[in-house]
Amino acid sequence: NVQLLDNHGGPSDAALYVTVRPRLPDNVPQAILSGTRGKPPPIAAARFTAPSTWPFEFTLDDVEHLTQEGASKADGSTGESHWWRGEDFIVSARFDSDGVASTRSPGDLVGQSVALMSEAGPDGVPRTAIKLVGRGAAGKFLTSSSK
C-alpha cells in the first residue's frame, strides 16, 4: 500500500518503482571486498505504470518479481528455500516523474517502510504502508539540472 501525501497523478510517463530487501545488518567486511556498502541485495523489484488512484495497493510475488539474487537459495541454486525466507523486509518506493529508473528528478517522491514477519497476515505474507514524500532540499539540489 503506497500513499501520496499530495494527491497528484504526475506525468503520464511517470512510474512507481518498488524494491524489497531483507532487513539484515550491514556486513562491513563483505562491503569492503565487494564494494556493495554492505547492504543485502534487493530480492524483489517491480515497476508500475503511474497509478491513477491513491493509495495504490500492490503485491510482489516470488514468481514475477524476484530478482536473480532473490531467486537463489543459500547454496546458490534456485528453488523453494530462499536465503531470505523468514526475514523482515525493507520496502522502498520511488514515484519517478519521467519513468526512467536510472534518472533522479527534483520532483520524484520517495518512501520506505519495514514489513515485519511478526505482523504477517494469515497467509504468512508481511504487509506495510509507505508514504511518499519529496526528496528534501539536498536531494532536489543534487538532481537539479544546471543551465
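These are my notes on one residue, one core and two pockets in a predicted model.

**T67**

I started with T67, which sits in the loop between β3 (44-49) and α2 (68-71). Is T67 buried or exposed? Its relative accessible area comes out at 17%, and the cut-off for buried is under 20%, so I put T67 down as buried. Next I looked for what its side chain does: one of its polar atoms lies 3.0 Å from the backbone nitrogen of G70. Setting aside neighbours within four places in sequence, I found T67 in contact with P42, I43, A44 and A45.

**Nonpolar core**

Then I pulled up the largest nonpolar core, which has 22 residues. L16, V18, F48, F95 and L132 touch the most other members. I checked which elements give two or more residues to this core and got β2 (15-22), β3, β4 (89-96), β5 (109-115) and β6 (130-134). β4 gives the most, with 4 residues.

I took a further look at V18. Beyond four places in sequence, its contacts include A44, A45, A46 and F48, and also F58, L60, V91, S92 and A93.

**Pockets**

The largest pocket has a volume of about 710 Å³. I count 24 lining residues, with T59, L60, D61, V125 and P126 closest to the centre. By class, that lining is 13 nonpolar, 5 polar and 6 charged.

The second largest pocket holds about 420 Å³. Of its 21 lining residues, T19, R21, S92, A93 and Q112 are the closest to its centre. Which element gives the most to this lining? I found β2, with 5 residues. The class split here is 11 nonpolar, 4 polar and 6 charged.

Technical notes. Residues are numbered from 1 along each chain as its sequence is written. This is a predicted model: local features need pLDDT of at least 70, side-chain atom pairs count only at pLDDT 80 or more; totals for chains, interfaces and linings use all residues. Side-chain values use heavy atoms; hydrogens and water are left out. Buried means under 20% relative accessible area, exposed over 50%, partly exposed in between (1.4 Å probe, protein chains only). A polar contact is a pair of N or O atoms within 3.5 Å; within protein, one must be able to donate a hydrogen and the other to accept it, and residues adjacent in sequence count only if both atoms are side-chain atoms. Contact means heavy atoms within 4.5 Å. A nonpolar core is a set of buried Ala, Val, Leu, Ile, Met, Phe, Trp, Tyr and Cys residues joined through side-chain atoms within 4.5 Å. On a 1 Å grid over the protein atoms alone, a cavity is a set of points where a 1.4 Å probe fits but cannot get out, and a pocket is an open set with protein on both sides within 12 Å along at least five of seven lines; lining residues have an atom within 4 Å of a point. Grid points are joined across faces, edges and corners, and a volume is the space filled by probe spheres set on the points. Ala, Val, Leu, Ile, Met, Phe, Trp, Tyr, Cys and Pro count as nonpolar, Asp, Glu, Lys and Arg as charged, and the others, Gly among them, as polar.
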